[in-house]
Amino acid sequence: MNSSGEASVGAGAAVPQGAQGLLFGEDITEQDTTTGYRGPTACRAAGITYRQLDYWARTGLVEPTVRPASGSGSHRLYSFRDILVLKVVKRLLDTGVSLQQIRQAVEHLRERGVDDLAQITLMSDGASVYECTSPDEVVDLVQGGQGVFGIAVGRVWREVEGTLAELPTESLEDEDDAAASPQDELAQRRRARSAG
C-alpha cells in the first residue's frame, strides 16, 4: 500500500515469541452480517464525528455495507467490519497520513477477508502506509527507517468489539418484521387506552 503499490516488505530478523503475540496470531471471532449499527453508534465506537462519518460515506471512503442510505429519513447501518475500518482510518488520520494514502489503504483492506484483517499490522511513516503480516516484516520496516507508527488491526478489532458490546444494535430481520406490521407506537397506545 505504499506509493509504489507494494503491500509488504521482505523477511528479516526474528522477534521474540512474547512480542509476536502482541501483533499477530490473535483469535478473532466472526461477526454477524445481519446486525448493523446506526451512524451515532458507529461514530462512538470509531471515535469520529458524525460529520466525518457522513463525508466518508458520501465520498465512498467507508460506506455502510449492511444498509446504505436510501433517501431522506433512512438510516445507514454499518457492519462491525465497517466500524473497524472507520477506526483504522481515524488512527491513520491522527498520524498525519494523507487522505489519498488512506483511500489506497482502505481499498486494499476491502480486498481482504475478515480473518486476514486480524493478522495485519499497518505501519506508517506519515506519508505512506505499509501492510505487514509477520513480525519479520515489521522489524524490517522499522530497521529500514520507514515505519514510525503501527496499528495492529487485531487489537483495534477487540477495542471495537468491546465498545459495541455496550451500544445498541439493529437487526435487518427486526426491521423486516416492522415493515410487515406498520403499526406504530402511537397506534398501540390508542388501542390500549380504548380497550382499558
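Leaving aside its neighbours within four places in sequence, which residues is L86 in contact with? Select L86 and look around it. L86 touches A42, A46, I48, L53, W56, V62 and Y78. Contact here means heavy atoms within 4.5 Å.

**Before going on**

This is a predicted model, where local features need pLDDT of at least 70, side-chain atom pairs count only at pLDDT 80 or more, and totals for chains, interfaces and linings use all residues. Residues are numbered from 1 along each chain as its sequence is written, and side-chain values use heavy atoms, with hydrogens and water left out.

**Stop 1: the whole chain**

Show the chain as a cartoon. It has ten helices and five strands. These are DSSP runs numbered from the N terminus: helices are H or I, at least four residues, and strands are E, at least two. Of the 196 residues, 37% count as buried. Buried means under 20% relative accessible area, exposed means over 50%, and partly exposed lies in between (1.4 Å probe, protein chains only). Now think about contacts between residues at least 6 apart in sequence. Of these, 71% join residues at least 24 apart.

**Stop 2: the largest nonpolar core**

Select I83, L86, V89, L92, L122 and L164. Among the 36 residues of the largest nonpolar core, these touch the most other members. A nonpolar core is a set of buried Ala, Val, Leu, Ile, Met, Phe, Trp, Tyr and Cys residues joined through side-chain atoms within 4.5 Å. Next, colour the helices α2 (39–46), α3 (50–58), α4 (80–94), α5 (99–110) and α8 (153–164). Each supplies at least two residues of this core. The largest share, eight residues, comes from α4. Another core lies apart from this one. It has five residues, among them M123, C132, V138 and L141.

**Stop 3: helix α8**

Select α8. Its twelve residues should span 16 Å at 1.5 Å a residue, and its end C-alpha atoms are 16 Å apart, which agrees. The expected span is 1.5 Å times one less than the number of residues. Which residues of α8 are buried? They are V153, G154, V156, W157, V160 and L164. They cover an arc of only 155° around the axis, so they sit on the same side of α8. The arc is that of the directions from the helix axis to the C-beta atoms. An α-helix has 3.6 residues a turn, so residues three or four places apart point the same way.

**Stop 4: helix α5**

Move to α5. Here Q101, I102, A105, V106, H108 and L109 are buried. Their arc is only 160° around the axis, which puts them on the same side of α5. Zoom in on Q101. Its relative accessible area is 9%. Now add A127, 26 residues away along the chain. The two C-alpha atoms are separated by 7.5 Å.

**Stop 5: strand β3**

Select residues 129–132, which form strand β3. Is V129 buried or exposed? V129 is buried, with a relative accessible area of 0%. Add F149, 20 residues from V129 in sequence. C-alpha to C-alpha, V129 and F149 are 9.5 Å apart.

**Last stop: confidence**

Colour by pLDDT, the predictor's confidence in each residue, from 0 to 100. The chain averages 74, and 67% of the residues score at least 70. Where is confidence lowest, and where is it highest? Helix α1 (residues 17–23) is lowest, at a mean of 35, and α2 is highest, at 95. Over residues 2–30 the pLDDT is below 50. Finish at residues 176–183, where pLDDT stays under 50. The model has two contacts beyond four places in sequence for that stretch.
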